[in-house]
Every structure is written in C-alpha cells, then in structure tokens.
Amino acid sequence: MDTNSGEKWEAMASPMDRMLAGEEELIPSSGFLSSVMECVHEEARVPAPMRFPWRRAVPGVVLAAGVFGWGGFEMAREAMAAMRAGTFTGPEISLPLHLVASIGPAAWVAISLGMSLASWMVSRRLIGHNS
Amino acid sequence: MPPKPSTATEDLADVQRVLSGDVQAFEGIVRRWQGPLVNMAWRYCRDRSRAEEMAQEAFVRAWRGLAQWRREASFSTWLFSVAANVYRTELKRVPTLNLPLDEIEEPSAPAGQYRALAEQRQQEDVRNAVRALPQKYREAVILFYFHEMDVAEAARTMGLPEGTVKARLSRGRALLKRRFPHLNEDMAPTAFAEREA
C-alpha cells in the first residue's frame with residue numbers, strides 16, 4: 001500500500017474525491033443469497049457439455065491422414081520421376097482392386113470427419129464469444 | 001479492500017470443497033462477498049435491482065470458472081476481476097441512461113438548514129458525472145474509489161498495467177474537475193456555505 005500512499009493523499013485533498021470515496025454501503029436484499037444459491041444449484045444440475053469424442057475419432061482421422069498422405073506422396077514421386085524423364089503425364093497410382101473399392105467410402109468418412117471437426121470448432125468459438 | 005487472512009483461508013477452503021463436489025460450500029463465498037460485489041455493481045449502474053442481478057450473474061460466472069482461479073492472485077482479486085468483466089459486458093449490452101457530462105449541473109453550494117440535503121444533491125451530481133464519463137475512464141474511476149483509492153488493486157481488477165490505470169484515472173479525474181471546478185479546491189464540502197456567504 002506504500003506505493004499508493006502519495007496518490008491517496010493527493011486524492012483525499014479534493015472534496016470531489018472525498019465525495020466519491022465516501023459512498024454509503026448498500027446492503028444486499030435478504031433474498032439475494034438464496035437467489036444466487038438457487039442459480040448455482042440449477043447450474044450444478046445441468047449436465048456438463050458433451051465433449052468431442054476424440055478417442056473414437058482418432059482412428060478415422062489417422063486413416064484419412066494416411067490415405068491423403070500416401071496419395072500425395074505417390075503423386076509427388078510420380079511427378080518427380082516424370083520431370084526427370086522429361087515427360088509429365090500425371091501420376092499413375094496402381095492399387096489392388098479391394099483397396100480401390102474402399103477409397104470412395106474412406107474419402108466420404110474423411111470429409112464427414114472434417115466437417116464435424118469444423119462445426120465443433122465453430123460452435124466452441126461461438127460459445128466462447130457469448131460467455 | 002484487501003481480504004483479511006481469515007477470509008482468505010476460508011475462501012480457499014470453500015473453493016476446495018466446491019471443486020471436490022460440495023455445491024453448498026459456495027454459500028460461504030457468496031455470504032462473504034455479496035456485499036462488495038453488489039456495491040461494486042451499484043457503482044457501475046446506480047440501480048439497486050440491476051446491481052443485484054449483475055452481482056448474481058458475477059457469482060454464477062465465478063462458480064462456473066472456479067477451477068480457473070490460479071492461486072497466484074488472491075481469491076478476492078480474481079472474483080473482482082470476474083465481476084468487473086461481467087459488469088462491463090452487461091453495461092455494454094444494456095447501457096444505463098446517462099446525461100452527457102456537459103449537461104450535468106455543477107453542484108450548488110450547500111447552505112443553512114438545507115446543507116445536508118444540498119450536500120447529498122452535490123454528491124449525486126458528482127456520481128452522475130462519473131457515470132457520464134467515457135467508459136474506459138469511468139471504470140478506472142469507479143474501481144479506484146471502490147478499492148479505497150488503491151491503484152494497484154484497481155489495476156488487478158481491470159487486468160491492466162498500473163500505468164494504464166493511472167493514466168485513465170488521471171484523465172477521468174481531470175474531466176470531472178473541469179466540469180466541477182469549485183470542487184477542485186482543497187476544502188470540505190461544508191465550507192462552501194461560508195464561501196458563498
């Protein structure tokens with residue numbers, strides 16, 4: 001408090017400061033405490049917001065990242081080879097038939113996971129701004 | 001408004017009980033801090049029922065964020081800071097009805113048998129003038145006087161450096177003193193009657 005004593009002294013020197021400092025105390029109404037506790041109990045009863053199911057989502061996210069990463073790597077490798085040979089004909093990815101059949105659904109899974117993630121982030125941001 | 005050591009201990013004990021699942025322990029916190037929080041809200045809005053609503057919202061917000069209290073600052077500092085945020089947001093959402101600073105009458109000198117009444121009126125005019133200050137100066141002025149003229153405590157409540165609060169306070173007080181030049185003098189309010197006579 002020592003650092004402010006000079007400032008306090010200066011402030012106390014003016015009647016205006018004395019008026020503002022000497023405000024009468026307001027006593028909360030008798031029902032205030034119970035009203036606050038009622039709200040708090042209500043808050044406590046509300047279940048905690050659902051958390052994003054990271055455990056369930058992680059395998060899908062890893063799979064999608066692997067598929068996209070592998071595809072990107074193959075494309076880059078093909079492009080490098082084509083550049084070295086002087087011809088660029090685009091990537092030729094050869095996959096076993098059962099893998100080719102599962103790429104379509106995997107892509108949909110990846111897209112839906114991406115959209116879920118985006119909507120979760122947007123909703124978190126909205127809640128953050130409102131609270 | 002530095003907390004007493006016993007209050008700080010009680011606050012810590014209650015917070016720990018609440019965090020371990022005892023909702024009712026929050027009542028001790030509300031009981032100890034309802035007066036300061038309602039009075040602080042009153043200084044922001046000058047409306048008793050609104051002040052209680054705002055203080056209630058501050059307690060609920062404190063309840064929700066209790067786990068976020070880092071023990072580096074005292075509980076009261078953290079609680080006042082939560083409350084100041086709530087009050088600031090609430091007044092931005094629904095501002096109080098303020099006259100422009102220039103339209104607030106300069107308090108007249110109290111005299112004779114009406115002195116007490118006139119002094120009361122003077123004080124009300126000055127407080128109305130505080131409410132008419134631009135928001136950032138107003139908050140610095142409100143919290144400075146609320147914390148019994150402790151700049152450091154006001155700065156902690158606002159979450160701003162002391163230097164910034166001092167600058168805002170100085171500007172706010174300068175605006176008030178320009179509006180009420182005769183209150184700038186070093187004399188008690190009761191001396192106005194003698195000067196007027």
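How much area does chain A expose, and what share of it do carbon and sulfur atoms supply? In this predicted model, chain A exposes about 9,800 Å², and carbon and sulfur atoms supply 66% of that area.

## The two chains in outline

Chain A contains five helices and zero strands, so that its elements, followed from the N terminus, read α-α-α-α-α. Buried residues account for 21% of the 131 residues of chain A.

Chain B holds nine helices and, again, zero strands, and its pattern along the sequence is α-α-α-α-α-α-α-α-α. Of the 197 residues in chain B, 52% are buried, and the chain exposes about 9,500 Å², of which carbon and sulfur atoms supply 50%. When the contacts in chain B between residues at least 6 apart in sequence are considered, 66% of them join residues at least 24 apart.

## A helix crossing between the chains

Two packed helices are described by the angle between their axes and the distance between the axes. Helix α3 of chain A, which covers residues 32-45, and α2(B) have axes that come within 10 Å and cross at roughly 125°. Because angles of 65 to 115 degrees count as roughly perpendicular and those over 145 as roughly antiparallel, α3(A) and α2(B) are classed as oblique to each other. The crossing of these two helices, α3(A) and α2(B), is right-handed.

On the side of α3(A), the contact is made by F32(A), L33(A), V36(A), M37(A) and V40(A). The residues of α2(B) that take part are F26(B), E27(B), V30(B), R31(B), Q34(B) and V38(B).

## R46(B) and E148(B) in their loops

R46(B) is placed in the loop of chain B between α2 (26-45) and α3 (48-64), and its phi is positive, at about 55°, although the residue is not a glycine. With a relative accessible area of 16%, R46(B) is buried, because the cut-off for a buried residue is under 20%. Apart from its neighbours within four places in sequence, R46(B) is in contact with E23(A) of chain A, and also with A41(B), E124(B), R127(B) and R131(B) of chain B.

E148(B), likewise not a glycine, has a positive phi of about 50°, and this residue lies in the loop between α6 (135-146) and α7 (151-158) of chain B. Is E148(B) buried or partly exposed? The relative accessible area of E148(B) is 49%, which makes the residue partly exposed.

## Helices α5 and α8 of chain B

Helix α5 of chain B, residues 115-131, has 17 residues and should therefore span 24 Å at 1.5 Å a residue, and the distance of 24 Å between its end C-alpha atoms agrees with that expectation. The buried residues of α5(B) are A118(B), E119(B), Q122(B), D125(B), V126(B), R127(B), A129(B), V130(B) and R131(B). Among these, R127(B) and R131(B) also appear in the list of residues in contact with R46(B).

Helix α8 of chain B, residues 162-179, is made of 18 residues and reaches 26 Å from its first C-alpha to its last, which is close to the 26 Å expected at 1.5 Å a residue. Within α8(B), the buried residues are V165(B), L169(B), G172(B), R173(B), L175(B), L176(B) and K177(B).

Conventions. Residues are numbered from 1 along each chain as its sequence is written. Chains are lettered from A and ligands numbered from 1 in the order in which they are written. This is a predicted model: local features need pLDDT of at least 70, side-chain atom pairs count only at pLDDT 80 or more; totals for chains, interfaces and linings use all residues. Side-chain values use heavy atoms; hydrogens and water are left out. Helices (H or I, at least four residues) and strands (E, at least two) are DSSP runs, numbered from the N terminus. The expected span of a helix is 1.5 Å times one less than its number of residues. Buried means under 20% relative accessible area, exposed over 50%, partly exposed in between (1.4 Å probe, protein chains only). Contact means heavy atoms within 4.5 Å. Accessible areas come from the Shrake-Rupley method with a 1.4 Å probe; for residues, only the protein chains shown count as cover. Axes are lines fitted to C-alpha atoms, for helices over the stretch in contact, and angles run from 0 to 180 degrees between N-to-C directions. Angles under 35 degrees count as roughly parallel, over 145 as roughly antiparallel, 65 to 115 as roughly perpendicular and the rest as oblique. A crossing is left-handed if the near helix is turned anticlockwise from the far one by less than a right angle, and right-handed if clockwise.
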